[in-house]
Amino acid sequence: DEPMSRMLVTGGAGFIGSNFVRHVVEHTDDEVTVLDKLTYAGDPRTLEGLPQSRVHLVQGDVADAGLVDGLVAGHDVVVHFAAESHNDNSLRDPSPFVRTNLIGTYELLEAVRRYEKRYHHISTDEVYGDLELDDPARFTESTPYNPSSPYSSTKAGSDLLVRAWVRSFGVQATLSNCSNNYGPFQHVEKFIPRQITNVLDGDRPKLYGAGQNVRDWIHVDDHNAAVLRIIERGSIGETYLIGADGEQNNKDVVELILELMGQPRDAYDHVNDRAGHDLRYAIDSTRLRTELGWEPRFSDFCSGLADTIEWYRANEAWWRPQKAATEAKYRAAGQ
Ligand code: NAD
Ligand code: TDX
């Protein structure tokens, strides 16, 4: 059988990208090449069990122009997940964020421009800055960019490169900006896996500041179903916001994790706040729902979180190698 298409997925050994590859294998006939540098955040074991006839891993850097040129030439669609993705790391050392998120995106855009390939760009709601807790407004496709951190500013810059390459060079691109993801294979540096694995280790969850900051949580499978829908049916040049109406403050999330894991709800520590900590993100995904007919399937955050806790309990061998070094970095920052 001829494959439907050949997809190049950058960052496909990371959290969202690996779940996306699994989603593509289950829902399409496409062949996938993963281009991943296998940084501290990438792990080939996240792709174990996928059919070797359809999924291939190339270890390399999206900022390597020669490598990217050859790979893009041989594929029909490029889906760009690869990024330095953690805000706290970007405050300690912004340099890999500039190289991977900005230069990497630039090299991919130049290659898809040369070979006239379809491109989808994965981005974040953090490009819009933050909202007040009582602001009735949510982010939409027309909210002005106003990023706060080295991470979010390099993501914002990469989005603007994509928009310019569409307008100036006619690149066939779509963009999506999603809210906070949770689910299997998320690195233990991130909020939810950090607290779950702390409790599993007999340590206490660590809440930044007072914990009033709000994030708009979405299950990673809902994000990835939306991405595939946009690749298949989205309008070229357009941006789609992805969110599942999952606003929760961090304190409530920590208390829910403790409760689901059979601990007292107050068995957590307050630690140093993040510098420049965004207060609230909130997504209005009306466009994606009305124009492309997407709906989230994980509408109950509590049961999605319970499943995620079970996944970390059952997959300690996957996360254990990262845990001690991650906690050592936090400890050094009083977090
Ligand atoms: P992650 O850190 O888990 O994975 C990133 C992957 O990219 C890793 O496998 C890493 O090895 C790879 N990578 C890093 N630098 C690379 C380079 N120079 N060349 C090739 N590969 C490289 O991140 P994630 O949470 O899965 O995020 C994936 C994408 O989704 C990012 O673009 C991020 O900005 C975006 N996003 C994330 C969230 C979230 O909640 N995690 C929300 C919205 C958007
Ligand atoms: O130990 C912690 N305690 C804590 O209170 C950690 C690690 C985080 N937090 C807070 C900070 C945030 O308010 O929890 C919230 C979520 O933190 P992160 O998991 O670091 O996510 P965030 O900074 O919101 O960014 C995430 O969502 C948008 C992803 O990491 C980004 O890649 C994505 O773009």
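**Two ligands, one predicted model**

Reader: How far is a polar side-chain atom of N250 from an oxygen atom of ligand 2?
Author: This is a predicted model, where local features need pLDDT of at least 70 and side-chain atom pairs 80 or more, while totals for chains, interfaces and linings use all residues; side-chain values use heavy atoms, leaving out hydrogens and water. Residues are numbered from 1 along each chain as written, with chains lettered from A and ligands numbered from 1 in written order. The N250 pair falls under polar contacts (N or O atoms within 3.5 Å). Its distance is 2.9 Å.

Reader: Which residue has a polar side-chain atom 2.7 Å from an oxygen atom of ligand 2?
Author: Don't pick F191, as there a backbone N or O atom sits 2.9 Å from a ligand 2 oxygen. The side-chain partner at 2.7 Å is H277.

Reader: How much of ligand 2 does the protein bury?
Author: On its own, ligand 2 exposes 660 Å² (accessible area, Shrake-Rupley, 1.4 Å probe). Of that area, the protein buries 94%.

Reader: How many residues are around ligand 2?
Author: Being near takes a heavy atom within 4 Å. T124, E126, Y151, R274 and H277 come nearest, while α6 (191-200) and β8 (206-208) each supply at least two shell residues (DSSP runs: helices H or I, at least four residues; strands E, at least two). The whole set around ligand 2 numbers 22.

Reader: Over at ligand 1, which residue has a polar side-chain atom 2.6 Å from an oxygen atom?
Author: K155 reaches an oxygen of ligand 1 with a side-chain N or O atom, but at 2.7 Å. K37 uses a backbone N or O atom, 3.0 Å from a nitrogen of ligand 1. At 2.6 Å, the residue you want is Y151.

Reader: What share of ligand 1's accessible area does the protein cover?
Author: Alone, ligand 1 has 830 Å² of accessible area. The protein covers 97%.

Reader: Which element gives the largest share of the shell around ligand 1?
Author: The shell has 28 residues, with I16, D36, S85, Y151 and K155 among the closest. Elements giving two or more residues are α1 (15-27), β5 (118-124) and α5 (150-169). The largest share, 3 residues, comes from β5.

Reader: At what angle do α1 and α7 pack?
Author: Helix α7 covers residues 220-233, and its axis lies 9 Å from that of α1. The two helices pass in a right-handed crossing. Their packing angle is about 60°.

Technical notes
A polar contact is a pair of N or O atoms within 3.5 Å; within protein, one must be able to donate a hydrogen and the other to accept it, and residues adjacent in sequence count only if both atoms are side-chain atoms. Axes are lines fitted to C-alpha atoms, for helices over the stretch in contact, and angles run from 0 to 180 degrees between N-to-C directions. A crossing is left-handed if the near helix is turned anticlockwise from the far one by less than a right angle, and right-handed if clockwise.
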